[in-house]
Amino acid sequence: MPPRPLAQLTLALIKPDLTANRLKANRVLGHIQQNDFTIVERKTLLWSKTDAEAFYGEHRGKFFFERLCGYMTSGHFHALILEKPNAISDWRALIGPTHPPRARIHASDSLRSLYGMTDTRNSFHGSDAVETAKKEIRFFFPEFDFERWEQEQRKGNTLES
Ligand code: UDP
């Protein structure tokens, strides 16, 4: 049997506005499963201003920074580690463009098109590259054992081949 395509991990956030709406948040979990992502880890968090400023530090000084931190501290939100081959690009494709009005034009069935409200309140986050995913997973799940996960991937492939 040919080896399975290598699985990849990404960090996803379901931001506070959507987390507050249990019905919609459950629908999103349905989208995640229908699109063949495995939820490896999941936690619900409430951020302080300091947490938000640390995670979004690269945006400090931009016109939307204060608004973004205010939004991300407005309520609980879900952080998830998602697994799938090409998880990083597949998750970003599923959530769609940053700005929901643009998503509604260019990616009408994306999650930001369906659930996003405004440029800031866009309901989702997804890591944009392998190194970022690792850094962001460590930020939210410092206890996550990457080495063990990689070992299990290798073992799975050996057993199947
Ligand atoms: N954001 C905003 N206005 C903008 C661009 C971004 O409020 O013009 C917010 C939005 O919530 C976005 C977050 O800042 O998700 C981080 O921006 P980034 O450019 O990293 O977009 P993403 O990778 O989340 O699509």
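**Helix 5 and its surroundings in a predicted model**

In this predicted model, the elements that cover the buried residues of helix 5 include strand 1, helix 2, strand 3, helix 7, strand 4 (124-126) and helix 8; helices (H or I, at least four residues) and strands (E, at least two) are DSSP runs, numbered from the N terminus. Residues are numbered from 1 along each chain as its sequence is written. Local features need pLDDT of at least 70 and side-chain atom pairs count only at pLDDT 80 or more, whereas totals for chains, interfaces and linings use all residues.

The buried residues of helix 5 are A87, I88, W91, L94 and I95, where buried denotes 20 or more other C-beta atoms, placed from the backbone, within 10 Å of the residue's own. Seen down the axis of helix 5, these buried residues fall within an arc of 135 degrees, so they line one face of the helix; the arc is that of the directions from the helix axis to the C-beta atoms. Just after helix 5, G96 takes a positive phi of about 90 degrees.

The largest nonpolar core (buried Ala, Val, Leu, Ile, Met, Phe, Trp, Tyr and Cys residues joined through C-beta atoms within 7 Å) has 23 residues, and A12, L82 and W91 have the most contacts inside it. At least two residues of this core come from each of strand 1 (8-14), helix 2 (22-34), strand 3 (77-84), helix 5 (87-95), helix 7 (111-115) and helix 8 (130-140). When neighbours within four places in sequence are left aside, W91 is in contact (C-beta atoms, placed from the backbone, within 7 Å) with T10, A12, L82 and G126.

Definitions and conventions. A residue is buried if 20 or more other C-beta atoms lie within 10 Å of its own, exposed if 12 or fewer, and partly exposed in between; C-beta atoms are placed from the backbone. Two residues are in contact if their C-beta atoms, placed from the backbone, lie within 7 Å.
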